[in-house]
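Please open the model in the viewer and keep the selection panel at hand. The tour proceeds from the whole chain to single residues.

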Amino acid sequence: RFDRRVPAHAGDLRAVRGQAGPAADIRACSLMLLILQLAVMITCLDVLTAGLSSLLELRFSGEVLVVFSCLFSLIDAVITAVGGTENAALPFCAVSSLSVLFALWGSRLQSSSLRISFYTAAPATSPYVASAYPSEEDGTRSVMKFSMPVKGFVRRSESPDPCETAYRTAAPILIVASVLLSLVAAFHGHFGQFFHILSALLVMCASFSAFISFALPYCVAAKKLFRSGAALGGWPGCSDIGHARNVVVTDSDIFPAGTMSIESIRIVEGAFTDGVISCTGSVLAASGCALASAFTDLMRRNGFAMMHVENFEAHEGGGFSAIVHGSQVYVGSSGFMQLMGVRLPRSQQSRTTLYTAVNGHLAGFFAIEYRPIASVQTALVTLLRGKKAPLFAIRDVNVNPMLIKQKFM
């Protein structure tokens, strides 16, 4: 049998339990939340100092909302810890602490992305830049690649993203609206809970996702692009490329330097070898096509000089015309030569042969070898399967859809 008699000290236990009621529990929990939030704020001091400096400069941002959220959560926690009753609610210290952590995480992601992008762009001696330009006809944007220094890359990379831009306008509105709504709620019988209501509204204004909505995907994209030696110029670079509908593809993209070579050279009887090669290389250099590098290398190896080119014209028939040392020079495909009235030997006609005519007469022709590479083939397949339409801007007279299909498909 169990003795059901109450011990002599049972009343003392009930007295102690009666002193530690719900109000004491609320005050103890509020004090603990207050200490934990202070620890988080000290650990993530960079976020708070950034918000305070922005506030002093009257430049509102998401960090300013985090500062207000933490401030009024602390005030609410102090009030509850000092004079909280059993009907008091716990302060929102945990939510405001999470907003501080998300702000710090977003800052870390942004810094990591910029570090990777700058590390990629810094050692490049002759970098290529891909940028989007609007069309004069319909205003659609097209991505173009060209060689230029990375001047302004740092400034563009540090440009604010849409969330930062939106919070510059929305932050003061959200702060004023939170204060007004708290006052309205306080005057309707909840005046003692003014700071609790205000902190509740402010922790909702300091959004978690706003700090990582761009920083997280930007960091992932920067790491993937780093493996291929490319860097993305912050939000402006993402926006320009994302809104582009077309991608301009040039002959140097399809056949980069080193993939084209002169397989054989035939000079017509009566023509001078150095003059024909110099004229052809000079006209091609004036055209800017990728094939010009093969001829300039040939001229440099043989000591041939570059000639002055005048009245240069590019024809839709697949060739170029210019005046070189007072002579009319045509450089192009067999079809272009026939349009210009230049007679060609039938046995020497080929799809990849470049012809040169001086004053209406054939002076020489060059058999060009085009070597496809796997990376270009992969890029073309990816481009054709993507949402952006390729626009082929080809200057090489031999590169046409039939040649591309023959080499890469």
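The stops below begin with the overall fold and end at the cysteines.

This is a predicted model, in which local features need pLDDT of at least 70 and side-chain atom pairs count only at pLDDT 80 or more, while totals for chains, interfaces and linings use all residues. Residues are numbered from 1 along each chain as its sequence is written, and side-chain values use heavy atoms, with hydrogens and water left out.

Select the entire protein and colour it by secondary structure: 16 helices and 10 strands appear (DSSP runs, H or I of at least four residues for helices, E of at least two for strands). The radius of gyration, taken over C-alpha atoms, is 36 Å, well over the 22 Å that the globule rule (2.2 Å times the number of residues to the power 0.38) gives for 409 residues, so the protein is more spread out than a compact globule. Along the principal axes, its C-alpha atoms fill a box of roughly 130 × 60 × 35 Å.

Next, colour by relative accessible area. Of the 409 residues, 39% count as buried (under 20%; exposed is over 50%, partly exposed in between, with a 1.4 Å probe and protein chains only).

Finally, select the cysteines. The structure holds 0 disulfides (pairs of cysteine sulfur atoms within 2.5 Å). Centre on Cys-29: the nearest cysteine sulfur, that of Cys-93, is 11 Å away, and Cys-29 is partly exposed at 39% relative accessibility. Move to Cys-279, which is buried, with a relative accessible area of 11%. The closest cysteine sulfur to that of Cys-279 belongs to Cys-289, at 15 Å, too far for a bond.
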